[in-house]
Amino acid sequence: MWSSRPLYRELVLEAKKDGLMNAVAHHTHYGYSNHGRVQDHSSEIANPELTMCVEIIGHRPDLESFVRRHGALLHDKVIIFKHLEHWSIDQEGDSLVEETTLGEPLLKKEERRIG
């Protein structure tokens, strides 16, 4: 059913097709998974013994739909949802920050002063 691409590549391509804002695969270099021993190759290359992380960013309803549509790919994977704020810096005037959320679309944008 799926191509012979690695799962992380398939997830990124499917996220792109589904119109999600961002999808990036992260190779891990140092750490441990599933309570195992700390893995280190003593160099800055990907370690196949560690977890491959795929970060997908979008509005919560879109992410939930993505997970439902691609359940066959994700059925035994760890999924972490984290609320994300997106700040835009206004370079005019008082260094205003416009805050929006990517967890759910906001109806009204908030502004905060920095400094």
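## A patch on the surface

Which residues form a nonpolar patch on the surface? In this predicted model, the patch is made by Tyr30, Tyr32 and Val38, and together they have about 370 Å² of accessible area.

Let's take a closer look at Tyr32. This residue sits in the loop between strand S2 (30–31) and strand S3 (39–40). Tyr32 counts as exposed because its relative accessibility is 54%, and the cut-off for exposed is over 50%.

## The overall layout

Stepping back, the protein has three helices and seven strands. Read from the N terminus, the order of the elements is α-β-β-β-β-α-α-β-β-β. The chain holds 115 residues, and buried ones make up 20% of them.

Helix H1 offers a handy landmark in Arg9. With a relative accessible area of 47%, Arg9 is partly exposed. Its C-alpha atom is separated by 7.6 Å from that of Ala25, although their positions lie 16 residues apart along the chain, counted as a sequence separation.

## The largest pocket

Now for the largest pocket, which has a volume of about 1,200 Å³. Its lining is made up of 31 residues, and those closest to the pocket centre are Val54, Glu55, Val78, Ile79 and Ile80.

Where does the lining come from? Helix H1 (7–17), strand S4 (53–57) and helix H2 (60–69) each supply at least two of its residues. By character, the lining divides into 18 nonpolar residues, seven polar and six charged.

## Salt bridges

Side chains of opposite charge can pair when their charged atoms come close. With a cut-off of 4 Å between side-chain nitrogen and carboxyl oxygen, the count here comes to five salt bridges.

One of them joins Arg69 and Asp18, with the closest N and O atoms 2.9 Å apart. This pair links distant parts of the chain: Arg69 belongs to helix H2, while Asp18 is in the loop between H1 and strand S1 (22–26), and the two are 51 residues apart. Asp18 is partly exposed, at a relative accessible area of 28%.

Another salt bridge stays within a single helix. Glu64 and Arg60 both lie in helix H2, four residues apart, or about one turn of the helix, and their closest N and O atoms are 2.8 Å apart. Both partners are partly exposed: Glu64 has a relative accessibility of 33%, and Arg60 one of 34%. Asp76 and Lys77 form a salt bridge too, with 2.9 Å between the closest N and O atoms; Lys77 is partly exposed, with a relative accessible area of 39%.

How values were computed:
Residues are numbered from 1 along each chain as its sequence is written. This is a predicted model: local features need pLDDT of at least 70, side-chain atom pairs count only at pLDDT 80 or more; totals for chains, interfaces and linings use all residues. Side-chain values use heavy atoms; hydrogens and water are left out. On a 1 Å grid over the protein atoms alone, a cavity is a set of points where a 1.4 Å probe fits but cannot get out, and a pocket is an open set with protein on both sides within 12 Å along at least five of seven lines; lining residues have an atom within 4 Å of a point. Grid points are joined across faces, edges and corners, and a volume is the space filled by probe spheres set on the points. Ala, Val, Leu, Ile, Met, Phe, Trp, Tyr, Cys and Pro count as nonpolar, Asp, Glu, Lys and Arg as charged, and the others, Gly among them, as polar. Patches are made of residues with over 30% relative accessible area and no salt bridge: like charges are joined within 9 Å, nonpolar side chains (Val, Leu, Ile, Met, Phe, Trp, Tyr) within 5 Å. Accessible areas come from the Shrake-Rupley method with a 1.4 Å probe; for residues, only the protein chains shown count as cover. Buried means under 20% relative accessible area, exposed over 50%, partly exposed in between (1.4 Å probe, protein chains only).
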